[in-house]
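In these entries I record what I looked up in one structure, topic by topic. I begin with empty space inside the protein and then turn to rings and cysteines.

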Amino acid sequence: MTSRYKIAPSILSADFACLGAEVKSVIDAGADWIHFDVMDNHYVPNLTFGPMICEALKPYAKTAAGVAVPIDVHLMISPVDALAASFADAGADLISFHPDASAHVHRSIQAIKSKGLKAGLVFNPAEPLDVLEWTIDEIDLILIMSVNPGFGGQSFIESALRKVELARQWIERSGRDIRLEVDGGIKADNIRRVADAGADTFVAGSAIFGKPDYKAVIDQMRVALG
């Protein structure tokens, strides 16, 4: 759990009929974070969970020894601020949002951080990283989408590797401790290439929840990461 690499299973691919048990099972299998993909059927063409689900699952987000596991909320919504505040109150630990979904990106970052949470920015496959010039000193996480947001189970977009490399350069120049997360099509057979490009945090949905043995998949990912 103290590795520089973090694996963050996305409950978008979990069994919705037993989410509490799914969260517990994937943490027991070795997950470092729990990733919430929040969609509004407006910014993206799908509808998923609200803050009440986050609040209900918070008690399950801990190891067998009782250590809290971070809840990593990825907001694919517009507008951002009101729901970000609600997720903060519901127990989120990190909240990331898309810059083009906020009227005032810096204000949205500050609103999240004022709640005592870590804040991140998310970049779609065809979106440039230019906004980092004005926000890199404020954020704690950069999330690179390696699929188009809206649905799980998509294939990895190879050009995302170049964007991960560019984001790593931004982080290195900043001198700050910023997590570089990648979401979309991550599997045991490509996670090493994504890490080599500069990522340190990996969202995986169907690659984990779509298999009968969660621990076996997470272990395979860790072996690949070395």
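**Entry 1: the cavity.** I looked up the lining of the largest cavity and found 25 residues, with Gly 152, Gly 153, Asp 183, Gly 184 and Gly 185 nearest its centre. I note here that the model is a predicted one. I then sorted the lining by class and obtained 11 nonpolar, 11 polar and three charged residues. Strand E2, strand E3 (71-76), strand E8 (201-204) and helix H8 (206-209) each contribute at least two residues to this lining. The space in the largest cavity comes to about 220 Å³. I also asked how many cavities of 30 Å³ or more the structure holds. The search returned one.

**Entry 2: aromatic pairs.** I counted the aromatic pairs and found four in the structure. One of them joins Phe 16 and Phe 49, whose ring centres are 5.5 Å apart with 55° between the planes, and I entered this pair as tilted. Phe 16 belongs to the loop between strand E1 (6-9) and helix H1 (19-28), while Phe 49 belongs to the loop between strand E2 (34-39) and helix H2 (51-57). The two residues are 33 residues apart, and the pair thus links distant parts of the chain.

Is Phe 16 buried or exposed? Its relative accessibility is 46%, so I recorded Phe 16 as partly exposed. Phe 49 counts as buried because its relative accessibility is 7%.

I next examined Phe 36 with Phe 49, an edge-to-face pair at 5.7 Å centre to centre and 65° between the planes. Phe 36 lies in strand E2 and Phe 49 in the loop between E2 and H2, so this pair ties together parts that are 13 residues apart in sequence. Phe 36 is buried, as is Phe 49. I therefore entered Phe 16, Phe 36 and Phe 49 together as one aromatic cluster.

**Entry 3: a charge over a ring.** I found the charged end of Arg 173 over the ring of Trp 170, at 4.9 Å from the ring centre.

**Entry 4: cysteines.** I searched the whole structure for disulfides and found zero. For Cys 18, the nearest cysteine sulfur is that of Cys 54, 18 Å away. A disulfide requires sulfur atoms within 2.5 Å, and Cys 18 is in no disulfide. Cys 54 is likewise in no disulfide.

I compared their surroundings as well. Cys 18 has 32% relative accessibility and is therefore partly exposed. Cys 54 has a relative accessible area of 0%, so I recorded Cys 54 as buried.

Terms used. Residues numbered from 1 in each chain as written. Predicted model: local features only at pLDDT ≥ 70, side-chain atom pairs only at ≥ 80, totals over all residues. Heavy atoms only, no water. Phe/Tyr/Trp six-rings, centres within 6.5 Å; stacked < 30°, edge-to-face > 60°. Helix = DSSP H or I, 4+ residues; strand = E, 2+ residues; numbered from the N terminus. Buried < 20%, exposed > 50% of the residue type's maximum accessible area, 1.4 Å probe, protein only. Lys NZ or Arg CZ within 6 Å of the ring centre and 35° of its normal. 1 Å grid on protein atoms, 1.4 Å probe; cavity = no way out; pocket = protein on both sides within 12 Å on 5 of 7 lines; lining within 4 Å. Points joined across faces, edges and corners; volume = space filled by probe spheres on them. Nonpolar A, V, L, I, M, F, W, Y, C, P; charged D, E, K, R; others polar.
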